[in-house]
Amino acid sequence: MEDTVRPRESGRTFSVAVGARHGGLGATALAVDLALLVADRGFETLLVDADPLMPAVADRLELAWGEESGVAALSPAVNHELCQRCAACSDFCAFDALELRETGIRFFPDRCIGCGGCRRVCPSRTITEIQRLLGTARR
């Protein structure tokens, strides 16, 4: 970028979105540094940390959060009394969020993407969906 192309001088607005997902601390550092560089050049900049497991942008910046809200998703709830142990749900799940065991279906919430397919393939309608809090979004 040339120093002569500045949105404040030209009257134009230019937005840049920088995001890192599961890139680790190196990708986060690069995303933060790139966002700061673009912002220092006078461009309106949005930095999004989309890493659900280890968001680290706040560690690289001094941030003051203005808003905070919960983020939820649908996840399966298994009624073990109705379950026929047919394994249709666990066979369907490509993310291994459901596993058939002798005691019934075991659910691994950290693997579930909330697609609802397990509920749709269950022949005994054992599975319902409930809201599960995933984390917090801060702004």
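**Loops, core and charged pairs in the predicted model**

Asp 96 sits in the loop that runs between helix 4 (88-92) and strand 4 (98-101). In this predicted model, the phi angle of Asp 96 comes out near 55 degrees, so here is a residue other than glycine with a positive value. Asp 96 is partly exposed, its relative accessible area being 48%. A second case turns up at Arg 125, a residue other than glycine whose phi is likewise positive, near 55 degrees. Arg 125 belongs to the loop between helix 5 (117-121) and strand 6 (127-138). With a relative accessible area of 70%, Arg 125 counts as exposed, because the cut-off for that label is over 50%.

How far can the coordinates be trusted? The pLDDT averages 80 over the protein, and 80% of the residues reach at least 70. Residues 1-6 are another story, with pLDDT below 50. That stretch still makes 11 contacts in the model beyond near neighbours in sequence. Where pLDDT is low, though, predicted coordinates should not be read in detail.

Moving to the interior, the largest nonpolar core is made up of 8 residues. Three cysteines in it are Cys 83, Cys 89 and Cys 118, and Cys 122 is in there too. The rest of the set is Val 78, Leu 98, Ile 105 and Ile 127. In soluble globular proteins, nonpolar side chains tend to be buried together. Leaving aside residues up to four places away in sequence, Cys 89 touches Leu 98, Ile 105, Cys 118 and Ile 127, plus Val 121.

As for charges, a search of the whole structure gives 2 salt bridges. Side chains of opposite charge can pair when their charged atoms come close. One of the bridges joins Arg 101 and Glu 99, with 2.5 Å from N to O. Arg 101 is partly exposed at 36% relative accessible area, and Glu 99 is partly exposed as well, at 31%. The other bridge pairs Arg 119 with Glu 129, whose closest N and O atoms are 3.1 Å apart. This pair ties together distant parts of the chain, with Arg 119 in helix 5 and Glu 129 in strand 6, 10 residues apart. Arg 119 is partly exposed, with a relative accessible area of 33%, and Glu 129 is partly exposed at 26%.

Rings give a shorter tally. The whole-structure search for aromatic pairs returns 0. Phe 108 does have a charged partner, however: Arg 111 lies over the face of its ring, 4.3 Å from the ring centre.

Notes:
Residues numbered from 1 in each chain as written. Heavy atoms only, no water. Helix = DSSP H or I, 4+ residues; strand = E, 2+ residues; numbered from the N terminus. Buried < 20%, exposed > 50% of the residue type's maximum accessible area, 1.4 Å probe, protein only. Phe/Tyr/Trp six-rings, centres within 6.5 Å; stacked < 30°, edge-to-face > 60°. Lys NZ or Arg CZ within 6 Å of the ring centre and 35° of its normal. pLDDT = per-residue confidence, 0-100. Contact = heavy atoms within 4.5 Å. Core = buried A, V, L, I, M, F, W, Y, C linked by side-chain atoms within 4.5 Å. Salt bridge = Lys/Arg side-chain N within 4 Å of Asp/Glu carboxyl O.
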